[in-house]
Every structure is written in C-alpha cells, then in structure tokens.
Amino acid sequence: PVQTDSSHQKARITGIDGARVRAELTAGKVVVVTGFQGINQNNDITTLGRGGSDTSAVAVAAALQAHECMIFTDVDGVYTTDPRVVPQARRMARITIEEMLEMASQGAKVLQIRSVEFAGKFKVRTRVLSSLTDPLLNVDEEAQSGTLITFEEDPTMEEAVISSIAFNRDEAKITLTRVPDTPGIAYQILGPIAQANVEVDVIIQNQSLDGTTDFSFTVHRSDFDKAIAILNEQVKSAIGAREVVGDQNICKVSAVGIGMRSHAGVASRMFRVLAEEGINIQMISTSEIKITVVIEDKYLELAVRALHDEFGLEQDLLESP
C-alpha cells in the first residue's frame, strides 16, 4: 500500500512498501498499482489531490529505485510555452528538474508540482510521453517523442538562456493599504492566511511613508474570497490598516531557464519587451533561474508571444536525449 498522512483530499505520501511489487515483477508479472490514493495510519482511504496520479507514479518509481518513470499524458512532452497561445512553441527534448519545478509552480500544467518535487528529492528521471502515439511502437522509439526531465545538468543546457515561458491565469492580487510599518507586520497579515490553508505567492511591501506602507500579495483565484474575508474580519482592524483592495484581473508570466545563472541582462530584456508592448508590470518576483511578473490579464497572450519571440524559443534548442 501507499502510506499517507490524514490530510483530507490533500494527503501526502509518507512511505511505500515496494517488496510486494518487486516480488511480482521478479515473477514476470505486469503490476498495476492504483494511483491518486493511499491509506493513512488508521487504514482509511485517502486521496492525494489534483494531479495525484503523477505523484503516485513518481513515488512508486522512487520506491522501486527505477531507472526512469514514464508518464503518459495528453501531450507529447513539455513545450517552450502553451502551443494554444504560441503555435510556434517547440517541444523540448530535455529539461532539468529545477526548470520543470519552476514551470509547474508558475502555471505549466503538464505535471503536478508535487510529482516534480518528488522526482527532485529522490532523483527519479521522469519522461513525459503522449498516450495517443502508435501502440505498436516499442519503448525506445516512443521515448524519442517525449521530454526527459532530469536532475543531471547538461552543459549544452546553458546555451539556452531561457528555456520556457510559463503563465498562470488563475491568480488574484490583494493589497492592504496604509499598513503600519512595524516589525512582525508581515506575519500578522499572512499568519491567518496560512492557517486557512491559503497559499501565497508573490509578495511586495512598498517603501514606508509616514510610518505606513502598502502590502500586496497574490493568491490562487479560487482562494480570493476566503482571503479577502479573513483580512476584513481578522486582520484589517487588528493591525490598523486603512482598507483591503482586491483585483482578480491579473495573471503571472514567467521566464524560466537554467542558463540565467551564467547570463546577465535577462531581466532588462524581459522588461524592455513588455515596455515596448505597452504592458505595465504590477509586481516582480525572481529566483536563480526564474523571473516572474504580474500583469493585467488582458495582456497575457501578447506578453507570452512577445517574450517567446524575444528569447528565440521557436528554434530547436536541444537535440533528443
């Protein structure tokens, strides 16, 4: 069985006993393991939440110390961006775990983020393949159509400064205005939000004026009403903020690439392109291999196409693994 904790509908895997599966495989049998679910310490059935089948697959592969986990889905690999937005988007033959993790966290829906985290933690090579290819193809032939997600960095990967443009429409921005600029204020605001199991992404605190500041952050659009209610009922008066302002007409656009580590000027190129298209940046968040901007959602497709073109992602960047 897949052992999990007891979190309702969002259970996390705590362990897998692979002995029985290994024994059946050794006996030459084909083993079918049910994904998306497990049992907790009370032997109650639990479910892993959205994308739980991806997580199950990678977890079983990790438990069996498999050479590779092959996930068959409705696309034939990981693309430089969503082909429905940019028809010239190209399938990548190889991508690192770090890049895939950033893409998944910024809105790419090819793999569920927990499955990517699992693959990175246990160093499981994972390949994304189409379930719609010719069933008569052998595994080696079929693998050439997919994308290998690997924890092994290839020196040629750094030749591509940016590997993909990810985006997420399901975002909302919340701002508390005239917040006292005192130690611990961020915790007083975000503590109740976290207790309600609402995930916060981009956070910005403006420069203090007259001892007060504006504090903004983004949440998933489905959590917007809950977060607004918490801030109005529990936080606003307690900290002395003036008002709570919400905006659901925003989106995130991210440039992701491991080559960013060794190339300067990526941010300036990204900001220049958006400026030339007349797109105002509301918030900015960065990591070592990612730059994310929050913009008005009506500009999403324009921004994605412009950035995809700027970084030359319509070209074949990497050869097949």
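The largest pocket of this structure is lined by 31 residues, and R50, Q112, I113, E199 and H220 are the ones that lie nearest its centre. The structure is a predicted model, and this briefing goes from its pockets and its cavity to its two sheets and the helices that pack on them. One of the sheets is built from four strands with mixed pairing, while another is built from six strands with antiparallel pairing.

**The largest pocket**

- The volume of the largest pocket is about 1100 Å³, and the residues of its lining divide by class into seven nonpolar, 11 polar and 13 charged.
- Helices and strands both take part in this lining, since at least two residues come from each of α3 (97-105), α4 (113-122), β11 (164-180), β12 (200-205) and β13 (212-220).

**The second largest pocket**

- The second largest pocket has a volume of about 650 Å³, and its lining is made of 31 residues, with D82, R84, A108, K109 and V110 lying nearest the centre.
- At least two residues of this lining come from each of β5 (69-73), β6 (78-79) and β11, and β11 gives the most, with seven residues.
- Sorted by class, the lining of the second largest pocket holds 14 nonpolar, nine polar and eight charged residues.

**The cavity**

- The count of cavities of 30 Å³ or more comes to one, and the largest cavity holds about 30 Å³ of space.
- The residues that line the largest cavity are V58, I97, L111, S115, V116, A119, T126 and I149, and helix α4 gives the most to this lining, with three residues.
- In the lining of the largest cavity there are six nonpolar and two polar residues, but no charged ones.

**The four-stranded sheet**

- Strands of a sheet pair through backbone hydrogen bonds, and this pairing can be either parallel or antiparallel.
- In the four-stranded sheet, which is open, the strands follow the order β5-β9-β10-β8 and the pairing is mixed.
- The edges of this sheet are formed by β5 and β8 (94-96), each of which pairs on one side only, and from one strand to the next the twist averages 25°.
- An example of parallel pairing is found between β8 and strand β10 (residues 147-150), which are joined over three bridges, and within this pair I95 has I149 in β10 as its bridge partner.
- Helix α3 packs on the sheet, where it touches β8 and β10, and its direction makes about 80° with that of β8.
- Helix α2 (residues 52-63) lies across β5 and β9 (126-130), and it runs at about 160° to β5.

**The six-stranded sheet**

- The strands of this open sheet follow the order β12-β13-β11-β14-β16-β15, and their pairing is antiparallel.
- The edge strands are β12 and β15 (283-287), each pairing on one side only, and neighbouring strands of this sheet are turned against each other by 30° on average, direction ignored.
- Towards one edge, β15 is joined by five bridges to strand β16 (residues 290-296), and the two run antiparallel; in this pair M283 stands opposite V294 in β16.
- Helix α6 packs on the sheet and touches β11, β12 and β13, with a direction that makes about 25° with that of β13.
- Four bridges join β12 to β13, and these two strands run antiparallel, with V200 having V219 in β13 as its bridge partner.
- β12 and β13 also form a hairpin with six residues between them, and in its turn D210 has a positive phi of about 55°.
- Helix α7 lies across β11, β13 and β14 (243-256), running at about 25° to β11.

**How α6 and α7 pack together**

- Two packed helices are described by the angle between their axes and by the distance between the axes.
- For helix α6 (residues 185-195) and helix α7 (residues 224-239), the axes come within 9 Å and cross at roughly 145°, and the crossing is right-handed.
- From α6, the residues I185, Q188, I189, P192 and I193 meet A227, I230, L231, Q234, V235 and I239 in α7, and the residues of this contact divide into nine nonpolar and two polar, with no charged ones.

Terms used
Residues are numbered from 1 along each chain as its sequence is written. This is a predicted model: local features need pLDDT of at least 70, side-chain atom pairs count only at pLDDT 80 or more; totals for chains, interfaces and linings use all residues. Side-chain values use heavy atoms; hydrogens and water are left out. On a 1 Å grid over the protein atoms alone, a cavity is a set of points where a 1.4 Å probe fits but cannot get out, and a pocket is an open set with protein on both sides within 12 Å along at least five of seven lines; lining residues have an atom within 4 Å of a point. Grid points are joined across faces, edges and corners, and a volume is the space filled by probe spheres set on the points. Ala, Val, Leu, Ile, Met, Phe, Trp, Tyr, Cys and Pro count as nonpolar, Asp, Glu, Lys and Arg as charged, and the others, Gly among them, as polar. Axes are lines fitted to C-alpha atoms, for helices over the stretch in contact, and angles run from 0 to 180 degrees between N-to-C directions. A crossing is left-handed if the near helix is turned anticlockwise from the far one by less than a right angle, and right-handed if clockwise. Contact means heavy atoms within 4.5 Å. Two strands pair if DSSP finds at least two bridges between them.
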